[in-house]
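I opened my notebook with a few things to look up in this structure. Here is what I wrote down, entry by entry.

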Amino acid sequence: ESQSTVTLKDEAIDLTIIVGQQILCRVTHVESYDKFFVQLDLEKADLVESAIANFDVTKLTPLSSDSLTDGVHCTVKHEDKIYRAILNDVSDPANIQAVLPDFGNVISTSMDNLMILPTELSVYYYQSLQCRLNNYNEESKTLMSLDELKSKLTGNKFIIYVNEVDEIILVSTLYESVTGKKIAIFEPDEGAYDEVVQFCTRAVFNYNFGNSYVAHIENLNEFYLQKAADGLRIALLLEQLYKFYE
């Protein structure tokens, strides 16, 4: 539901094939120890944010009172920025509750700040996905306060290991993106790796991944592919590496 959109020109992340993947993500909102939100496709998320920021606001028609109902997809002006939104509770027009589905958080706003969702801004799926920490439960001993957790995670990049998917919730473990060490949030956390190799291959988000080359075979259980469409990007990377080591 959090990935729904009005005009389907984008491809959704297939939650059935990201289990076991190690993905560089951005944590966008932390609500509690067992509920937080991430963006997995960082390039797509940046593209969506840029498209919204550069959209001509004069084309955003105010939302009419007739359209003010729970569940409506629209745009909202919040803290001098435009966001895509889904209305949660419109019982009080002066204190409307709206979800920002590209980030996962809920805001309070008024009718005056709501506008329609134009087709140009509805072509991409919403970018945030709900997560919870693997092995965490009410009996777990927390190693940092909720405020400390929010401060450490929100807006920052981490390596997320997807242990399993519970309906649309990613049950996962977080690691530092630079060192690869596990974020010590609670204990015990049996079965979790203390650290991972801080090498995030390009994540596979759906079955329409396109043509690829076999770049390296380590063994029958571990091999690496290069997306054919990434040829120019890889060539540029190699050129930069050559310059760095000259």
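**Entry 1: L237 and its patch**

I started with L237, which counts as partly exposed at 46% relative accessibility. I kept in mind that the model is predicted. L237 is found in helix 3, which covers residues 231-245. Next I asked which residues make a nonpolar surface patch together with L237. I found L238, L241, Y242, F244 and Y245, and with L237 they make a patch of about 720 Å².

**Entry 2: T173**

I then moved to T173, in strand 11 (residues 169-176). Is T173 buried or exposed? Its relative accessible area is 4%, so I noted T173 as buried, the cut-off being under 20%. I also looked up which residues T173 touches, leaving out those up to four places away in sequence. My list reads N134, I159, I160, Y161, N163 and K182. For N163 I added a further note: its side chain and that of T173 are joined by a polar contact of 3.0 Å.

**Entry 3: the five-stranded sheet**

My last lookup was an open sheet of five strands, and I wrote down its order as 6-5-4-3-7, with antiparallel pairing. Which strands are at the edges? They are strand 6 (106-109) and strand 7 (114-115), each pairing on one side only. I followed strand 6 to its partner, strand 5 (residues 96-99): the two run antiparallel and are joined by four bridges. Within this pair, I found V99 opposite V106 of strand 6. I jotted a reminder beside this that strands of a sheet pair through backbone hydrogen bonds.

Note on methods: Residues numbered from 1 in each chain as written. Predicted model: local features only at pLDDT ≥ 70, side-chain atom pairs only at ≥ 80, totals over all residues. Heavy atoms only, no water. Buried < 20%, exposed > 50% of the residue type's maximum accessible area, 1.4 Å probe, protein only. Polar contact = N/O pair within 3.5 Å; in protein donor to acceptor, adjacent residues only side chain to side chain. Contact = heavy atoms within 4.5 Å. Pairing = 2+ DSSP bridges. Patch = residues over 30% accessible without salt bridge, like charges linked within 9 Å, V, L, I, M, F, W, Y side chains within 5 Å. Areas by Shrake-Rupley, 256 points an atom, 1.4 Å probe, with all protein chains shown as cover. Salt bridge = Lys/Arg side-chain N within 4 Å of Asp/Glu carboxyl O.
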